Amino acid sequence: MVRPRIINVNIIQLNIGLKRATVFSVFLAAVYFGVSFGTKTRSALPVVLWHGMGDTCCLPFSLGAIKTLIEEHVNGTYVRSLKIGGNVVLDYESGFFIHPNEQVEYVCKHLAQDERLAEGYNAIGFSQGGQFLRAVAQRCPEPPMRTLITLGGQHQGVFGLPMCPTLTATSCEYISRLLNVAAYEEWVQAELVQATYWHDPLHENQYRLGSTFLADINNELYLNENYVENLNKLKKFVMVKFLNDTIVQPKESQWFQFYTSGQDRVIQPFNESKVYQDLGLDRMLREGKLQFLGIEGDHLAISKAWFIEHLVPLLLE
């Protein structure tokens, strides 16, 4: 069983009460309570969901609502919302304290054991769940992922943590300070999920050598041809950016962009980054597999109507 490693529980106080609905839960609740639209019935692949930081697999006002929405509008297809560990508390803690490599390995094992996914599946990752599902596509080609949709994913990492959903302000401030001064220390990488995709553009060498997750899946330390080939097995890779995002810094990371090395103001064009070629994104672009969607609003602020108009058709292809 996956077990969390907690950083100083006297400082990091988890706040998992349902009475404290997070900004994520409020945004995703709109999906459930919004206006309903009909969708033409047709067969569709199963769908796998992976939640973001500060959320869990199955809350009825969060991913539980998304699961129901997809089932209703994608011909009753099988939807699996990933739960890391044996209960919701452990699943919540995984978003902060279980290393992504361990989580990806756990998910790959369980997807392989799910017979309903044997012929392939589509996947939707929310926030950090986006890059985690991309790691699944790159490391575990069986069962085959067909379409990957990432909503607010941090594919080039983050350099800033302005808010921490469901954590107290004191805990969030502690994590932010820790990332700023010691993100690439071995113990921080081992204990704090957000450190594994912390990307410091002012110290690129430290990032590449110290990152134990993102630098690997982005082929920045050494070139893993299997990652390139497996990612290119996707029929479509859809990246959704929230144009008014106040949580992901820089928000361009959601479209696989990042700061030009050596500073933290100017964004490097997508096709000029090293990862563009090293991960085979150039090939995916030429073959029409990449799709970039933008939506007005803050992080994960999607309505039911937008989801049905823009994402449900992708699940029906």
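Let me start with the core: in this predicted model, the largest nonpolar core holds 66 residues, and of these Trp50, Val136 and Met145 touch the most other members. The largest share of that core, six residues, is supplied by helix H6, residues 169-182. There is also a second, separate core, with 27 residues, and Phe242, Ile295, Phe307 and Val312 are among its members.

Since Met145 is one of the residues I just named, let me say what surrounds it. Once neighbours within four places in sequence are set aside, Met145 is in contact with Tyr121, Ala123, Leu133, Val136, Ala137, Lys233 and Leu234.

Now, stepping back for a moment to the protein as a whole, we have 14 helices and eight strands, and buried residues make up 59% of the 317 residues. If we take the contacts with a separation of 6 or more, then 75% of them are accounted for by residues 24 or more positions apart.

Next, the helix pair that I would like to spend some time on. In general, two packed helices are described by the angle between their axes and the distance between the axes. For helix H4, residues 100-113, and helix H5, residues 128-139, the axes come within 10 Å and cross at roughly 60 degrees, and because of that angle H4 counts as oblique to H5. The crossing in which H4 passes H5 is right-handed. On the H4 side the contact is made by Pro100, Asn101, Gln103, Val104, Val107, Cys108 and Leu111, while H5 contributes Phe132, Ala135, Val136 and Arg139. Sorted by character, the residues of this contact comprise eight nonpolar, two polar and one charged.

Which residues does Leu111 touch, if those up to four places away in sequence are not counted? They are Val48, Leu82, Leu117, Tyr121, Val136 and Pro143. Leu111 is found in helix H4, and it counts as buried because its relative accessible area is 1%, where the cut-off is under 20%. Leu111 and Val136 are 25 residues apart along the chain, and their C-alpha atoms are separated by 9.8 Å.

Let me turn to helix H3, residues 88-97, where eight of the 10 residues are buried, so that the helix is largely enclosed by the rest of the structure. The buried residues are Leu90, Asp91, Tyr92, Glu93, Ser94, Gly95, Phe96 and Phe97, a list in which you will notice Asp91 and Glu93 alongside Phe96 and Phe97. As for what covers these buried residues, the cover includes H4, H5 and helix H7, residues 186-191.

I would also like to go through the backbone geometry, beginning with the cis peptide bonds. One joins Glu142 and Pro143, with omega at about -5 degrees, and Pro143 lies in the loop between H5 and strand E4, residues 145-151. This is also the Pro143 that appeared among the contacts of Leu111. Another cis bond runs from Gln249 to Pro250, with omega near -5 degrees, and Pro250 has its place in the loop between strand E5, residues 236-242, and strand E6, residues 258-259.

That loop between E5 and E6 also holds Phe256, which has a positive phi of about 65 degrees although it is not a glycine. Is Phe256 buried or exposed? With 0% relative accessibility, Phe256 counts as buried. Asn219 is likewise a residue with a positive phi, about 55 degrees, although it is not a glycine; it sits in the loop between helix H9, residues 214-217, and H10, and at 3% relative accessibility Asn219 counts as buried.

Two further residues will finish the tour. Glu225 is in helix H10, residues 225-231, and is partly exposed, with a relative accessible area of 45%. Glu225 and Gln138 are 87 residues apart along the chain, with their C-alpha atoms separated by 9.8 Å. Asp282, for its part, is in helix H12, residues 281-286, and at 15% relative accessibility it counts as buried. Leaving aside its neighbours within four places in sequence, Asp282 is in contact with Tyr276 and Gln277.

Technical notes: Residues numbered from 1 in each chain as written. Predicted model: local features only at pLDDT ≥ 70, side-chain atom pairs only at ≥ 80, totals over all residues. Heavy atoms only, no water. Helix = DSSP H or I, 4+ residues; strand = E, 2+ residues; numbered from the N terminus. Buried < 20%, exposed > 50% of the residue type's maximum accessible area, 1.4 Å probe, protein only. Contact = heavy atoms within 4.5 Å. Axes fitted to C-alpha atoms, helices over the stretch in contact; angles between N-to-C directions. Parallel < 35°, antiparallel > 145°, perpendicular 65-115°, else oblique. Left-handed = near helix turned anticlockwise from the far one by under 90°. Nonpolar A, V, L, I, M, F, W, Y, C, P; charged D, E, K, R; others polar. Core = buried A, V, L, I, M, F, W, Y, C linked by side-chain atoms within 4.5 Å.
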